Amino acid sequence: MRRPTFLVALPLLAACSGRPPPPATTPPARVVSLAPSITEIVYALGAGDRLVGVCAQCDYPAAAARLPRVGGYLVPSVEAVVAARPDVVLVVPSPGNRDAVRAVEQAGVRVVVVQDRTLADLWASMRAVGAALGLADAGERLVADVQRRLEAVRGRVAGLPPRRVLPASPLVVAGRGTLQDELVSAAGGVNVAADIGGVWPQISLELVVARAPEVIVDAAMGTEEGRHDLFGGLATVPAVRDGRVVAFAGEAIFRAGPRVPDAARALAAAIHPEAFGAG
C-alpha cells in the first residue's frame, strides 16, 4: 500500500532504539525535517515555527507547503540542508539518503534518525522528536493522544466479524510487519496478503482470486476507470462481486505520523460501513 518508490524505508542508518535521544543542552531553534511524517510530528508538537527547511514531499499541514525545500525525501540536498543553518536535522532512513545524511553529519550538524515502519516506530519517533526538540513532555502527550484516538477506532469495530481485506497499490500489497497491515487489523480487517512473503510483495490477479478478499482497499490514487479495468473481470472475488473495491485517497495511511488514527478510521469505514451508519 505504501508507494514502493517513495515511502519504503530501509535500515540504512542507525535505527531508533525506542529510547529518545538525550536532549540538547539548548533546545534547537532551527530544525530541518527530511520526511513528511516527521514534519507532521513537529507541527503536532507545536514546534512548526522552528522549521527552516523540509523535503519536497512535506505538504501537511498547509503551512508546511510554504517552507523552504531542501531536496527530496529520497535524495536530500546536502548544500540546501547545510545552508539552512539547522541546529538539528530529523530524518527517516530512505533508499537514497544515506550518503547525504552522512555528509550533513560530517558538516557538524546534529542528526536524529527515527524509523517509520510500524506503530511501535511511531510511538518511538514521536518521543524521539519531542526529546530532540526539548519537548519530551509534549512528545508523551502526543503519543497518548494518538493512541487514544486509535483505540477509539478499534472500539468502533470491536465485536464485528473481521473481514478479509486486500490492501493494494494496486498489486503491490502491504505484507506483515508494515504500518498498513497493523492499521487494517485496527480497522477490523484481516490482511489476506500478510503471509505472502516480504514486506511489500507484488502479487498477481490469480492470487487475488485465490485469496478471495471481501474488501479491496486500493490506495494507488488512480482513476475509478483504472480500478475497474484492473479488478473488474474478477467476478468470483467477493469484493468485486459486492462492489467493495474501495478507493483510498490521501497520504495519511502512508505516513507514520499523528494522522494515523484518521487513516485507521477511514479504513474502518471502508471495511465495516455498518459501524458508521452506512452499508
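**A tour from the four-stranded sheet to helix 1**

Begin by selecting the open sheet in which four strands are arranged in the order 6-5-7-8 with parallel pairing, where two strands pair if DSSP finds at least two bridges between them, and where strands (E, at least two residues) and helices (H or I, at least four residues) are DSSP runs numbered from the N terminus. The edge strands are strand 6 (189-191) and strand 8 (245-247), each of which pairs on one side only, and the twist averages 35° from one strand to the next. This is a predicted model, in which local features need pLDDT of at least 70 and side-chain atom pairs count only at pLDDT 80 or more, while totals for chains, interfaces and linings use all residues. Residues are numbered from 1 along each chain as its sequence is written, and side-chain values use heavy atoms, with hydrogens and water left out.

Next, select strand 5 (residues 163-168), which is joined to strand 6 by three bridges, the two running parallel; Arg-163 has Gly-189 of strand 6 as its bridge partner. Then add helix 10 (residues 260-271), which packs on the sheet and touches strand 5, strand 6, strand 7 (215-218) and strand 8 (contact means heavy atoms within 4.5 Å). The direction of helix 10 makes about 145° with that of strand 7, with axes being lines fitted to C-alpha atoms, for helices over the stretch in contact, and angles running from 0 to 180 degrees between N-to-C directions. Among the buried residues of helix 10 are Val-260, Leu-267 and Ile-271, buried meaning under 20% relative accessible area with a 1.4 Å probe and protein chains only.

Move now to strand 3 (88-91), where Val-88 and Leu-90 point one way, Val-89 and Val-91 point the other way, and all are buried. Three bridges join strand 1 to strand 3 in parallel, and the bridge partner of Val-31 in strand 3 is Val-88. On strand 4 (residues 110-113), four bridges make a parallel connection to strand 3, and there Val-88 has Arg-110 as its bridge partner.

Finally, select helix 1 (residues 36-44), of whose nine residues seven are buried, so that helix 1 is largely enclosed by the rest of the structure. The buried residues include Pro-36, Ile-38 and Val-42, and what covers the buried residues of helix 1 includes strand 1 (31-33), strand 2 (51-54), strand 3, helix 4 (119-132) and helix 5 (136-157). Just after helix 1, stop at Gly-46, which takes a positive phi of about 80°.

Technical notes. Buried < 20%, exposed > 50% of the residue type's maximum accessible area, 1.4 Å probe, protein only.
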